[in-house]
Amino acid sequence: MTVQPYHLYIERIDPSKNMARFYALSIEPNLFGETSLVRSWGRIGSRGQQKIHVFDSEAKAVDLLLTLLRKKRARGYLPLH
């Protein structure tokens, strides 16, 4: 069961490329007692896409969250101020 709530929202905006994207990550418990990492992404203002990863432990979900966050930060995504 997830003890600590994790919610993260980052954006990448570049007007010169007409780019306005978001990426959201959250770790949530599911109905079967497992931990889910929910990823959402797309153009700001749109519904976007979503993918759910299921793990048997919170630590594995946190590891993937941190890995994805590092990759997105390297591509220019920033948290809202």
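Strands β3 and β4 pair in the antiparallel sense, joined by 7 bridges. Across this pairing, Trp-41 faces Gln-49 of β4. The model is predicted.

**The sheet**

The β3-β4 pair belongs to an open sheet. Five strands build it, in the order β4-β3-β2-β1-β5, and the pairing is antiparallel. The edges are β4 and β5, each of which pairs on one side only.

The table lists the pairings, with one residue pair for each.

| Strands | Bridges | Sense | Facing residues |
|---|---|---|---|
| β1 and β2 | 9 bridges | antiparallel | Asp-14 and Met-19 |
| β2 and β3 | 9 bridges | antiparallel | Ala-24 and Ser-40 |
| β3 and β4 | 7 bridges | antiparallel | Trp-41 and Gln-49 |
| β1 and β5 | 2 bridges | antiparallel | Ile-10 and Pro-79 |

Strand β1 covers residues 6-14, and β2 covers residues 19-29. Strand β3 spans residues 35-43. Strand β4 takes in residues 49-55. Strand β5 consists of residues 78-79.

β2 is mostly covered. Of its 11 residues, 8 are buried.

**Two hairpins**

β1 and β2 form a hairpin with 4 residues between them. Asn-18 sits in that turn and has a positive phi of about 55°. Asp-14, in turn, has Met-19 of β2 as its bridge partner.

β2 and β3 also form a hairpin, with 5 residues between the strands. Here Gly-33 takes the positive phi, near 80°. Along the paired strands, Ala-24 stands opposite Ser-40 in β3.

**His-53 on an edge strand**

His-53 lies in β4, one of the two edge strands. Is this residue buried or exposed? His-53 has a relative accessible area of 17%, under the 20% cut-off, so the residue counts as buried.

Which residues does His-53 touch, leaving aside those up to four places away in sequence? The contacts are Thr-35, Ser-36, Leu-37, Arg-39 and Leu-64. Arg-39 also makes a polar contact: its side chain and that of His-53 come to 3.0 Å.

Tyr-6 gives a reference point across the fold. His-53 and Tyr-6 are 47 residues apart in sequence, and their C-alpha atoms are 14 Å apart in space.

**A nonpolar surface patch**

Four side chains make a nonpolar patch on the surface: Tyr-9, Ile-13, Ile-44 and Leu-80. The area of this patch is about 360 Å².

Where is Ile-44 found? Ile-44 is in the loop between β3 and β4. Ile-44 has a relative accessible area of 33%, which lies between 20% and 50%, so the residue is classed as partly exposed. Patch residues need over 30% relative accessible area, so Ile-44 passes that cut-off with its 33%.

**In brief**

The sheet is open and antiparallel, with five strands. His-53 of β4 is buried, and its side chain has a polar contact with Arg-39. Ile-44 is partly exposed and helps make the nonpolar patch.

Note on methods
Residues numbered from 1 in each chain as written. Predicted model: local features only at pLDDT ≥ 70, side-chain atom pairs only at ≥ 80, totals over all residues. Heavy atoms only, no water. Buried < 20%, exposed > 50% of the residue type's maximum accessible area, 1.4 Å probe, protein only. Contact = heavy atoms within 4.5 Å. Polar contact = N/O pair within 3.5 Å; in protein donor to acceptor, adjacent residues only side chain to side chain. Pairing = 2+ DSSP bridges. Patch = residues over 30% accessible without salt bridge, like charges linked within 9 Å, V, L, I, M, F, W, Y side chains within 5 Å. Areas by Shrake-Rupley, 256 points an atom, 1.4 Å probe, with all protein chains shown as cover.
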